[in-house]
Amino acid sequence: MKKLQMVDLQTQYEFIKDQVDSTVLDIFKRGTFINGPTVKEFQSDLEKYLNVKHVIPCANGTDALQIALMSLGLKPGDEIITSDFTFAATVEVIALLQLKPVLVDIEENTFNINCEEILKSITPKTKAIIPVHLFGQIANMEEVIKIAKNHNLKVIEDNAQAIGATYKTNQKSGTIGDIGTTSFFPSKNLGCYGDGGAIFTNDDSIAHIIRGIVNHGMYKRYHHDVVGVNSRLDSVQAAVLRAKLPLLDFYNERRKEAAIKYSIRFKDNKNLKTPIVYDNCQSHVFHQYTLRVLNNKRDELSNYLNDNGIPHGIYYPIPLHKQKAYSDDRYNEENFKISIMMSKQVISLPMHSELQDDQIDFISEKINCFFKD
Ligand SMILES: *Cc1c(COP(=O)(O)O)cnc(C)c1O
């Protein structure tokens with residue numbers, strides 16, 4: 001059996017080595033490291049793949065979120081509703097811009113933001129909602145969009161974990177709301193060999209504003225109309241992404257196959273709850289395969305997996321409203337029952353496009369064995 005890893009970027013690289021090596025060497029020879037033609041080509045490839053009017057590449061997924069928020073012309077104190085159960089980047093950028101994060105609880109079945117809780121949290125200061133497509137599964141966008149329309153709010157999709165997923169409306173994740181953001185961090189479903197990110201929108205005026213923000217607020221050379229940032233995708237990363245994009249659907253299909261195999265092996269295990277999928281699995285690209293441990297033994301299982309050399313992750317062990325940086329007197333534990341419960345139950349197993357059947361068998365047999373007595 002091959003060595004177990006959460007992701008196996010080495011094996012993945014072997015298959016695209018020739019193309020990556022030659023385009024990267026070409027960039028080295030031509031010296032077009034920043035704003036070279038490869039970045040433009042990748043941008044256009046991704047626009048076609050997503051069927052979206054504008055892709056604006058940037059330096060990472062956190063920048064993408066920050067820049068998306070900066071493009072909305074908000075004032076300090078404006079409220080942004082997002083999920084209590086996500087990676088900190090989502091709420092961090094809200095706080096950095098002196099906006100007010102309003103965290104809400106999630107749904108038990110999908111780990112995604114609960115739309116009834118969104119409705120309860122709307123005030124006259126609410127300006128936007130940031131649904132996160134957690135673990136690769138698209139949030140309830142139909143309902144999010146409906147709420148946003150009724151209350152005149154903008155929607156920014158944090159699509160860092162779900163690139164390539166297709167919603168029931170046939171739209172790609174990240175192109176359903178006003179703005180979508182993604183990360184090309186190496187372990188994401190479409191990852192580069194360093195940092196990278198992108199912003200998507202079908203709105204021409206938002207796209208124009210964002211193109212200036214990513215480039216120091218310049219719309220004309222050395223004329224700085226707004227406060228911007230420096231956030232670029234470099235040519236080497238774009239070359240890697242160009243090689244991988246045509247394989248993204250294949251990668252995601254391989255992840256789904258692995259997820260289905262895991263779930264079959266756990267189906268008789270009463271102590272585990274396997275991921276719930278909808279839409280014939282089109283709206284889930286399994287960035288993570290996340291189990292719920294129902295008998296309060298999650299941490300024991302984690303130790304057991306460590307002892308057996310099985311890598312795994314706990315995403316996320318602390319809900320955001322309990323984090324020192326984001327805790328606030330206005331939050332009431334009662335309102336976060338599901339995210340608190342999930343933080344104690346979840347455990348994510350190795351999941352990537354190179355996972356082999358014998359690895360899935362080994363991991364699931366060990367886990368089933370743990371629960372046997
Ligand atoms: C990875 C991730 C980000 C941040 O992406 P970086 O490229 O690491 O900055 C933001 N949100 C979510 C949900 C993520 O998983």
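# Close-up views of a predicted model

**View 1. The ligand and the residues around it.** An N or O atom in the side chain of T62 lies 2.5 Å from an oxygen atom of the ligand. The protein covers 91% of the 380 Å² of accessible area that the ligand has on its own. Keep in mind as you look that this is a predicted model. Two further residues to find are N60 and G61: N60 has a polar side-chain atom 3.5 Å from an oxygen atom of the ligand, while G61 uses a backbone N or O atom, 2.8 Å from an oxygen atom of the ligand. The residues around the ligand are N60, G61, T62, T86, F87, A89, V132, D158, A160, Q161, S183 and K188.

**View 2. Helix α3 and its start.** Stay with N60 and T62 for a moment. At the start of helix α3, a side-chain oxygen of N60 reaches to within 3.0 Å of the backbone nitrogen of T62. The helix spans residues 61-70, and how many of its ten residues are buried? Eight of the ten are, which leaves α3 mostly covered. You can pick them out one by one: G61, D63, A64, L65, Q66, I67, A68 and L69 are the buried residues. As you follow the turns, remember that an α-helix has 3.6 residues a turn, so residues three or four places apart point the same way.

**View 3. Strand β1, covered on both faces.** Strand β1 covers residues 54-58, and five of its five residues are buried, so the strand is largely enclosed by the rest of the structure. In a regular strand the side chains alternate between the two faces of the sheet. Here, H54, I56 and C58 lie on one side of β1 and V55 and P57 on the other, and all of them are buried. Now look for the neighbour: β1 runs antiparallel to strand β7, residues 197-201, and five bridges join the two.

**View 4. Strand β7 and its two partners.** Where does I56 find its bridge partner in β7? The partner is I199. On another strand, T181 also stands opposite I199 of β7. Strands β6 and β7 pair in the antiparallel sense, over four bridges. Like β1, strand β7 is mostly covered, with five of its five residues buried. G197, I199 and T201 sit on one side of β7, A198 and F200 on the other, and both of these faces are covered.

**View 5. Aromatic rings that link distant parts of the chain.** The model holds 14 aromatic pairs. One of them joins F42 and F184 in an edge-to-face arrangement, with 5.6 Å from centre to centre and 75° between the planes. F42 belongs to helix α2 (residues 37-50) and F184 to the loop between β6 (179-183) and β7, so this pair ties together parts that are 142 residues apart in sequence. Are F42 and F184 buried or exposed? Both are buried. Another pair is formed by Y304 and F370: their ring centres are 5.0 Å apart and their planes meet at 45°, so the pair is tilted. Y304 lies in helix α10 (residues 298-307) and F370 in helix α12 (residues 357-370), which puts these two partners 66 residues apart. F370 has 16% relative accessibility and therefore counts as buried, since the cut-off for buried is under 20%.

**View 6. A ring cluster and a charge over a ring.** Rings can also gather in groups. F85, F111, F135, Y315 and Y316 are linked into a cluster by ring pairs. Elsewhere, R330 offers another kind of contact: its charged end sits over the ring of Y331, 4.8 Å from the ring centre.

**View 7. The open sheet β10-β11-β12.** Three strands make up this open sheet, in the order β10-β11-β12 and with antiparallel pairing. β10 (272-273) and β12 (346-349) stand at the edges with a single partner strand each, so one side of each has no neighbour in the sheet. Between β11 (residues 289-293) and β12 there are four bridges. To trace one of the pairings, start at Y289, whose bridge partner in β12 is L349.

**View 8. Y326, far from V102 in sequence.** Y326 lies in the loop between α10 and α11 (337-345). Y326 and V102 are 224 residues apart in sequence, and in space their C-alpha atoms are 9.8 Å apart. With a relative accessibility of 17%, Y326 counts as buried.

Methods
Residues numbered from 1 in each chain as written. Predicted model: local features only at pLDDT ≥ 70, side-chain atom pairs only at ≥ 80, totals over all residues. Heavy atoms only, no water. Buried < 20%, exposed > 50% of the residue type's maximum accessible area, 1.4 Å probe, protein only. Pairing = 2+ DSSP bridges. Phe/Tyr/Trp six-rings, centres within 6.5 Å; stacked < 30°, edge-to-face > 60°. Lys NZ or Arg CZ within 6 Å of the ring centre and 35° of its normal. Near = heavy atom within 4 Å. Polar contact = N/O pair within 3.5 Å; in protein donor to acceptor, adjacent residues only side chain to side chain. Areas by Shrake-Rupley, 256 points an atom, 1.4 Å probe, with all protein chains shown as cover.
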